[in-house]
Amino acid sequence: MILYDAPGGSGTFVNLPNEGDTIVFTVKLLNNGPQDGTGIQVTDLLPPGLTWAGDTPGTGTYESATGLWDIGFLAAGDSTDLLLSATVDPGTAGTTLADT
């Protein structure tokens, strides 16, 4: 069964989005330590078939053109999330779209 977070990131998971639906991916970063992290950057580009619709980084900034999430500093034991909103493109029915 393929599930995605309902529009608005409500935490209500539903089956197979339709073309034109907006879906939300959550990327979580955890610093297991033992030291604080500095200069932290993560790259997460959306796959073909999805068009960027917005982002909400818990820490730092996200650049949709490059997929670069620039977190900077993260203390040992802390975590932060990046919410990526994307619209399902026309012509993608029946395909698997995964943010890996």
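**View A. Thr-61 and its bridge partner in a predicted model.** This model is predicted, not experimental. Thr-61 pairs with Asp-70 of S7 through a bridge. Strands S6 and S7 run antiparallel, and three bridges join them.

**View B. The open sheet S4-S7-S6.** Three strands make up this open sheet, in the order S4-S7-S6, with antiparallel pairing. S4 and strand S6 (61–63) are the edge strands. Each has a single partner strand, so one side of each lacks a neighbour in the sheet. From one strand to the next, the twist averages 20°.

**View C. Asn-31 in the loop between S3 and S4.** Asn-31 sits in the loop that links strand S3 (22–30) to strand S4 (37–43). Is Asn-31 buried or exposed? Its relative accessibility is 12%, so Asn-31 counts as buried; the cut-off for buried is under 20%.

**View D. Polar contacts of the Asn-31 side chain.** Two backbone atoms appear here, one from Gly-33 and one from Gln-35. The backbone nitrogen of Gly-33 is 2.7 Å from a polar atom of the Asn-31 side chain. For the backbone oxygen of Gln-35, the distance to a polar atom of that side chain is 3.1 Å.

**View E. Residues around Asn-31.** Neighbours within four places in sequence are set aside here. Asn-31 then contacts Asp-36 and Gly-37. Asn-31 is also in contact with Leu-74, Ala-75, Ala-76, Gly-77 and Asp-78.

**View F. The largest nonpolar core.** This core holds 14 residues. Which of them touch the most other members? They are Ile-23, Phe-25, Leu-46, Leu-50, Trp-69, Leu-82 and Leu-84. S3, strand S7 (68–74) and strand S8 (79–88) are the elements that give two or more residues to the core. S8 supplies the largest share, four residues. In soluble globular proteins, nonpolar side chains tend to be buried together.

**View G. Phe-25 and Leu-84.** Phe-25 belongs to strand S3. With a relative accessible area of 18%, Phe-25 is buried. Phe-25 and Leu-84 lie 59 residues apart along the chain, yet their C-alpha atoms are separated by 5.1 Å.

**View H. The surroundings of Leu-82.** Residues up to four places away in sequence are not counted. Leu-82 touches Phe-25, Thr-26 and Val-27. Asp-55, Thr-56 and Pro-57 are also touched by Leu-82. Tyr-62 and Trp-69 complete the list of residues that Leu-82 touches. Phe-25, Trp-69 and Leu-82 are among the core residues that touch the most other members.

Note on methods: Residues numbered from 1 in each chain as written. Predicted model: local features only at pLDDT ≥ 70, side-chain atom pairs only at ≥ 80, totals over all residues. Heavy atoms only, no water. Buried < 20%, exposed > 50% of the residue type's maximum accessible area, 1.4 Å probe, protein only. Polar contact = N/O pair within 3.5 Å; in protein donor to acceptor, adjacent residues only side chain to side chain. Contact = heavy atoms within 4.5 Å. Core = buried A, V, L, I, M, F, W, Y, C linked by side-chain atoms within 4.5 Å. Pairing = 2+ DSSP bridges. Axes fitted to C-alpha atoms, helices over the stretch in contact; angles between N-to-C directions.
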